[in-house]
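Biologist: Could you take a close look at the aromatic rings in this predicted model, and explain which of them pair and where the partners lie?

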Amino acid sequence: MIEDIDNISMPALALRGLTAYPQTMIHFDVGREASIKALETAMNDSSPIFLVTQKDIREEKPEQNDLFSVGTISTVRQILRLPGKSIRVMVEGVARGRLVQLTQAEPYLVAEVEEMLTPTASKNKPKEEALVRRAYELFDRYVDLSPKLTPDVLVNVMSSEDPGYIADYIAQNMIMRVSDKQAILEETRPIQRLTKLLHFLSREVEILDIEQDIQTKVQENLSQTQKDIMLREKIKVIQRELGDDYQEDSDSKIYRQKIKEAKLPEQVETKLMKELSNLERQHFGSAESTVIRNYLDICLELPWNKKTKERVDINLAKKYLDQDHFGLDKVKERMLEFLAVKQMTSEIGGEILCLVGPPGVGKTSIAMSMARSMNRNIARISLGGVHDEAEIRGHRKTYVGAMPGRIISAIKEAGSKNPVILLDEIDKLGRDHRGDPSSALLEVLDSKQNKTFRDHFLELPFDLSEVLFVTTANRIDNIPRPLLDRMEVIELSSYTDEEKLQIAKQYLLPKEMKRHGLKKRQMQMSDDAIRETIVSYTRESGVRLLERKLATICRKVTMNIVSESVKTQKVTAGNLEEFLGVRTYHPEKNGKENRVGVVNGLAWTSVGGTLLEAEANVLTGNGKIELTGNLGDVMKESAKAAFSYIRSRASQLGIDTNFYKEKDIHVHFPEGAVPKDGPSAGITVTVAMVSALTGTPVRGDVAMTGEISLRGRVLPIGGLKEKSMAALRNGIHTVIIPSDNEKDLEDIDPTVRASLHFICVSHIDQVVSVALEQPVITQPDKNEAGISEPVRSKSNPVGIRQ
């Protein structure tokens, strides 16, 4: 111990990333000018120096708050000047000291230090002996695992029995965090200091064990790879000595032969030969060779020049289309036109068709039939939820696990360069920070650009001009405009009940009977039973639910045949409930009850047309109008326009002219959980309000669709075909439509058109006259053009005065 150094002033040196301990020797390099001057002063004056660790090693000019409070009072033993301005110094720790304050900062640090007394450890206690032995054991293991320590360090530890010295010496010579080393320095009690050290030492030994295991595994793998390389080189030398004229390994020969036999385009062949040359320079089993092999395999599997012989026989193609599908005349006609042009000229390129319609109407299956009728291969790509551009264009081949995009993968799957590629659910594409897949599809679906489509993985142009692309969508509104502009849209409407009957008889029922192992003599289902299933158990645009219902019937029949030993089961309209349970829908109940303020409106949805009731109620109030039923802005505006029109025509409609001051009107559309919007509910809301205000019932056998203007004109709407089918499905046979939609009646199925009575109107007065049970208009609106004309109907072409 240094005598008489209690609370004395001495030069101080701030250590960065180092900690000095008493009774240990440490050497380090010093470069800061202030630190060099402090060392030189201590050396020249033969005075001690205070070594204290700074908290942040980035601090160039530390102050008292930047230093730990406990350091080591030391003696400078040697100073060696190095090239440049730095020096190397050797110091010996003497005692622990507490920093009281810094009394000088320039030209070097001077500190007032208080020496910390260290208690002496008791000897020959079992706990102390156990700690010392544990320290010997752990430090021995640490020295074995750490290549930087020499055996002399272990000898110095083993020659001492002082727990305090052992803790200080081991802490000085092992790698620890600065905070951990400082914790050892600040602990003055020997036993507690050694206990702390053992905790840190155990953790470091465990870390070194893990590092050694990792290093061993890596070394084993490297050794095996090097061994393989060496053996292969020896094989090459032996083959040369034997005169085998070894030039390349068997893999390279195989790839070279495949490239020559494939008769690839010149640009493709040049690229693949270059990649093959790179492969020959790689060591077997290297990561780069694996990437190149994968690239060559995929490129050689693509049908660069392979085509299927296309069938251009129109009559045969028509036969195949009719075999697979009932109806869908527009789609079939378009396909036959395409084949007719192909038969006349071979210059026509790939086509892009977009089939738009409700679910279950056969969009996907018609694409399958197209490929079959044309003798083309087909590949299907589902685009629903795709939101990464790389899904379309692929990833760069240098990425781990890189693969070509879905388009090239579909070509590879099809096995020919002129397949039919079905892009399903194109209206459900997503987009996010990874890119916009719809933008990537612009090149794919452009017949002028896709001749040189480049996938990121291939990095080569691939000709897509001979591919027939068929896309499907439920709603045309969700398809991006630039993408839609590149496609020919063909709309598939809802099936009529008669079409569903024929589809069930010709396709669905035979398929389900075969799937359930039923023969024709074992199950017989009448047409009336199928009709009843369609009307009473399904309400859809397509036939998916109908197919499930037919499957249910087949399961029941199979169960009866197996369990009750019945040889033949007949399914009729009378016993249908035995197989399907209680009827879900009762269309016969609709259209028989006339009610005040309740009107049958027709709406279009993504799954076809539907009947939507509008209800109006009048209450005593102050003229407020309440709209409920989860309505959109367009429907709310229609209701407000209807309210304004009724106010302007109150006296002619037999309504109190002050009703808007004394009455509140509540308009509601049931099924409030379903969002509703669109420009076709105007006349429906108007009739409901007039009925509620006059107390006149509305005919329940009438449905209507049309928008209203502020002056009472009835404006045209869309989706008439689906809406008319919805009316027929619900047992309603009279439909009011705008006069401007009369031309659209030609697009409606003849069966539906013959079953419904369409009334064309141009003004709301005509709607009110037809829809209400009793006439309420006392004076027609002469100001509006067309109101004096009769109401026109398909069954009354001359017209009738209402």
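Aromatic rings

Modeller: One aromatic cluster is formed by Phe 643, Phe 659 and Tyr 660. The last of these, Tyr 660, also has a charged neighbour, since the charged end of Arg 647 sits over the Tyr 660 ring, 3.7 Å from its centre.

Taking ring centres within 6.5 Å as the rule for pairing, the count of aromatic pairs comes to six. In one of them, the ring centres of Tyr 295 and Phe 457 are 5.7 Å apart and the planes are at 50 degrees, so this pair is tilted; a pair counts as tilted when its planes are neither under 30 degrees apart nor over 60. Tyr 295 belongs to helix 9 (residues 287–301), while Phe 457 is in the loop between strand 10 (453–454) and strand 11 (461–462), and the pair thus links distant parts of the chain, 162 residues apart. Tyr 295 counts as buried because its relative accessibility is 0%, and Phe 457, with a relative accessible area of 1%, is buried as well.

Another pair is made by Trp 304 and Phe 462, whose ring centres are 5.0 Å apart with planes at 55 degrees, so that this pair is tilted too. Because Trp 304 lies in the loop between helix 9 and helix 10 (314–324) whereas Phe 462 lies in strand 11, the pair ties together parts that are 158 residues apart in sequence. Trp 304 has a relative accessible area of 7% and is therefore buried, and Phe 462, at 1%, is likewise buried.

Definitions and conventions. Residues are numbered from 1 along each chain as its sequence is written. This is a predicted model: local features need pLDDT of at least 70, side-chain atom pairs count only at pLDDT 80 or more; totals for chains, interfaces and linings use all residues. Side-chain values use heavy atoms; hydrogens and water are left out. Helices (H or I, at least four residues) and strands (E, at least two) are DSSP runs, numbered from the N terminus. Buried means under 20% relative accessible area, exposed over 50%, partly exposed in between (1.4 Å probe, protein chains only). A charge sits over a ring if NZ of Lys or CZ of Arg is within 6 Å of the ring centre and within 35 degrees of the ring normal.
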